[in-house]
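Hello,

Here is the structure I promised to pass on to you. Please open it alongside this message, and my notes follow underneath.

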Amino acid sequence: MVLELRNYVQSCGKDCAASSVLQSLPAFKVEPEGMSDFSEELIGSKTEDDQEESCVFSGTGMSFPWLQNHIGTIASGGKKEKDFAQTTSACLSFIQEALLKHQWQRAAAYMHSYLQILEDSDSHKRQAAPEIIWTLGSEILFYHPKSNMETFNTFADRMKNIGVMNYLKISLQHALYLVHHGMFEDANRNLSHAETWRYGEKSSSQEVLINLIQAYKGLLQYYTWSKKKLELSTLDEDDYAYNTASQSMLNHSCKTSVNLGALIQTPGIWDPFVKSYVEMLEFYGDRDGAREVLTNYAYDEKFPSNPNAHIYLYNFLKREKAPREKLISVLKILYQIVPSHKLMLEFHRLLRKSEKEDHRKLGLEVLFGVLDFAGCTKNITAWKYLAKYLRQTLMGNHLAWVQEEWNSRKSWWPDFHFSSFWAKSDWKEDETLACEKALVAGILLGKDCRYFRFISKQDDEVLRKKIKRIKKAVENHSIVNPGR
């Protein structure tokens with residue numbers, strides 16, 4: 001027999017939530033392959049005729065598998081209510097399993113059945129259902145081979161109206177989907193509608209979402225502004241079109257500034273928004289305003305720790321040709337947060353040129369810090385800097401600086417950097433890197449170091465002179481020499 005769920009959904013008519021969403025999903029047929037043991041147990045005892053009847057057919061030509069033994073009618077009370085809960089729970093598990101395996105058609109088939117959760121007698125489950133259905137359904141429709149833009153838009157619009165508490169969240173995610181497909185005007189229109197939407201008393205969660213909606217709307221306006229900026233760069237300043245484009249850019253910048261400027265006052269991580277806002281301020285000559293925004297974003301204690309905030313401020317100050325001391329102060333904080341960041345080599349160069357002794361000492365610490373990380377072990381620039389700076393430091397009678405850094409690493413750096421394996425591997429992949437590392441290894445570990453011995457024995461015609469210089473440098477500067 002055909003399940004009475006079909007009759008129930010149809011009897012609800014257009015006002016039934018499950019029916020409304022059901023009609024927005026794509027038409028397809030799928031066989032429930034690879035079910036879990038639980039599902040096989042439920043349907044395994046059916047006859048062939050029973051299994052044919054365990055599919056529910058919608059009015060749009062769709063078919064989907066169901067669990068006949070666990071659904072008779074949608075009724076409240078007793079065994080039927082228990083069966084309803086078990087069935088929807090099992091269905092949700094099948095959907096999750098299908099999503100994990102990227103079985104989009106199978107997931108969508110179960111999704112048709114799971115929509116009955118919208119009619120659950122449990123008010124808590126019924127209220128939570130729209131967000132679950134939107135999260136799962138949007139994922140399915142994004143990847144489903146028979147899905148299209150119209151299907152996704154219809155599904156999103158219906159879910160907004162069914163789950164009003166999720167209206168703003170769905171609107172924002174819907175807009176991002178449209179942006180992903182290059183439909184910027186539709187996305188902007190979608191966000192404009194959401195920006196003015198209100199339901200009941202304005203809550204703190206609604207406030208956050210409205211701020212995000214305004215911010216993403218600002219980003220879309222920034223995108224339009226950027227295109228006009230590019231267009232402006234190709235025009236002659238005396239051209240009428242230049243004046244028209246310039247005025248249009250100004251109009252867009254005003255709208256964007258309002259949206260982005262308000263958002264970045266709220267504590268949070270707003271990297272793309274801050275970058276866009278600062279670019280516009282710089283373009284119109286408001287460098288003081290740009291500096292203030294970036295300084296607040298980096299140093300205001302209300303904002304979470306964010307390495308990018310210090311990177312943006314550093315790059316801005318660098319463009320302004322700020323004093324070295326100012327640049328060092330910004331990168332010093334970045335060093336404390338991300339000691340392996342690529343800007344650390346630039347930080348070392350600034351410290352190396354400083355007249356302050358504590359800066360020059362920190363310059364050595366920074367290089368060791370960079371090479372502590374596995375992702376930097378092949379960074380030839382870092383090894384070159386360390387090889388050169390070790391010699392300079394030792395020639396400047398600062399053996400204690402080197403020993404301080406080495407003492408905390410001598411138990412693990414030899415295996416991490418200077419093993420026989422790495423000597424052979426580095427020489428095979430990059431002879432220049434191997435030579436720089438050999439010099440550092442010789443200075444820190446002496447002539448008996450496995451890495452140094454292997455490299456020093458290589459008879460390479462091109463690098464023969466360089467290897468000879470490395471041997472001499474190790475004899476003169478190694479910190480394990482008896483005379484030191």
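Below is what I found, going from the whole chain down to single residues.

First, a caution: this is a predicted model, and every value here is computed from it.

**The overall picture**

The secondary structure comes to 25 helices and two strands. Of the 484 residues in the protein, 47% count as buried. The protein exposes about 25,100 Å², and carbon and sulfur atoms supply 50% of that area. If you look at contacts between residues at least 6 apart in sequence, 62% of them join residues at least 24 apart.

**A helix on the inside**

Have a look at helix α17, residues 343-353. Eight of its eleven residues are buried, so the helix is largely enclosed by the rest of the structure. The buried ones are Leu343, Met344, Leu345, Glu346, Phe347, His348, Leu350 and Leu351; Glu346 and His348 are on that list along with the leucines. What covers them? The cover includes α15 (307-319), α16 (324-337), α18 (357-370) and α19 (380-395).

Lys353 also belongs to α17, but this lysine is exposed, with a relative accessible area of 53%, as the cut-off for exposed is over 50%. Its C-alpha atom is separated by 9.4 Å from that of Gly363, which is ten residues away along the chain.

**The cavity**

How many cavities of 30 Å³ or more are there? The count comes to one, and the volume of this largest cavity is about 40 Å³. Its lining is made up of Thr377, Lys378, Phe416, His417, Trp422, Asp426 and Lys437. Two elements, α21 (413-417) and α22 (420-429), give two or more residues each to that lining. Sorted by class, the lining has two nonpolar, two polar and three charged residues.

**Around the cavity lining**

Several residues in this part of the chain deserve a visit. Leu433 is in helix α23, residues 431-445. With a relative accessibility of 3%, Leu433 counts as buried, since the cut-off for buried is under 20%. Leaving aside residues up to four places away in sequence, Leu433 touches Lys378, Ile380, Trp383 and Asp426. Two of these contacts, Lys378 and Asp426, also line the cavity. Leu433 and Lys384 are 49 residues apart in sequence, yet their C-alpha atoms are 8.2 Å apart in space.

Ser419 sits in the loop between α21 and α22. Is this loop serine buried or exposed? Its relative accessibility is 12%, so Ser419 counts as buried. Beyond residues up to four places away in sequence, Ser419 touches Pro414, Arg450 and Tyr451.

**Aromatic rings**

The structure holds 26 aromatic pairs. One of them is formed by Phe421 and Trp422: the ring centres are 5.1 Å apart and the planes are at 70°, so the pair is edge-to-face. The two residues fall into separate accessibility classes: Phe421 counts as exposed at 56% relative accessibility, whereas Trp422 is partly exposed at 27%. Trp422 is also among the residues that line the cavity.

There is an aromatic cluster to look at as well, formed by Phe368, Trp383, Trp406, Trp412, Trp413, Phe416, Phe418 and Tyr451. Some of these names will be familiar from above: Phe416 lines the cavity, Trp383 touches Leu433, and Tyr451 touches Ser419.

**Two backbone details**

Finally, two loop residues have a positive phi without being glycine. In His102, phi is near 60°. His102 lies in the loop between α5 (78-100) and α6 (104-114), and it is exposed, with a relative accessible area of 54%.

The other is Lys321, where phi is about 60°. Lys321 lies in the loop between α15 and α16, two of the helices that help to cover the buried residues of α17. At 72% relative accessibility, Lys321 counts as exposed.

If you would like a place to begin, try α17 with its eight buried residues, then move on to the cavity lining with Phe416 and Trp422.

Best wishes

Conventions. Residues are numbered from 1 along each chain as its sequence is written. This is a predicted model: local features need pLDDT of at least 70, side-chain atom pairs count only at pLDDT 80 or more; totals for chains, interfaces and linings use all residues. Side-chain values use heavy atoms; hydrogens and water are left out. On a 1 Å grid over the protein atoms alone, a cavity is a set of points where a 1.4 Å probe fits but cannot get out, and a pocket is an open set with protein on both sides within 12 Å along at least five of seven lines; lining residues have an atom within 4 Å of a point. Grid points are joined across faces, edges and corners, and a volume is the space filled by probe spheres set on the points. Helices (H or I, at least four residues) and strands (E, at least two) are DSSP runs, numbered from the N terminus. Ala, Val, Leu, Ile, Met, Phe, Trp, Tyr, Cys and Pro count as nonpolar, Asp, Glu, Lys and Arg as charged, and the others, Gly among them, as polar. Buried means under 20% relative accessible area, exposed over 50%, partly exposed in between (1.4 Å probe, protein chains only). Contact means heavy atoms within 4.5 Å. Accessible areas come from the Shrake-Rupley method with a 1.4 Å probe; for residues, only the protein chains shown count as cover. Rings of Phe, Tyr and Trp (its six-membered ring) pair if their centres lie within 6.5 Å; planes under 30 degrees apart count as stacked, over 60 as edge-to-face and the rest as tilted.
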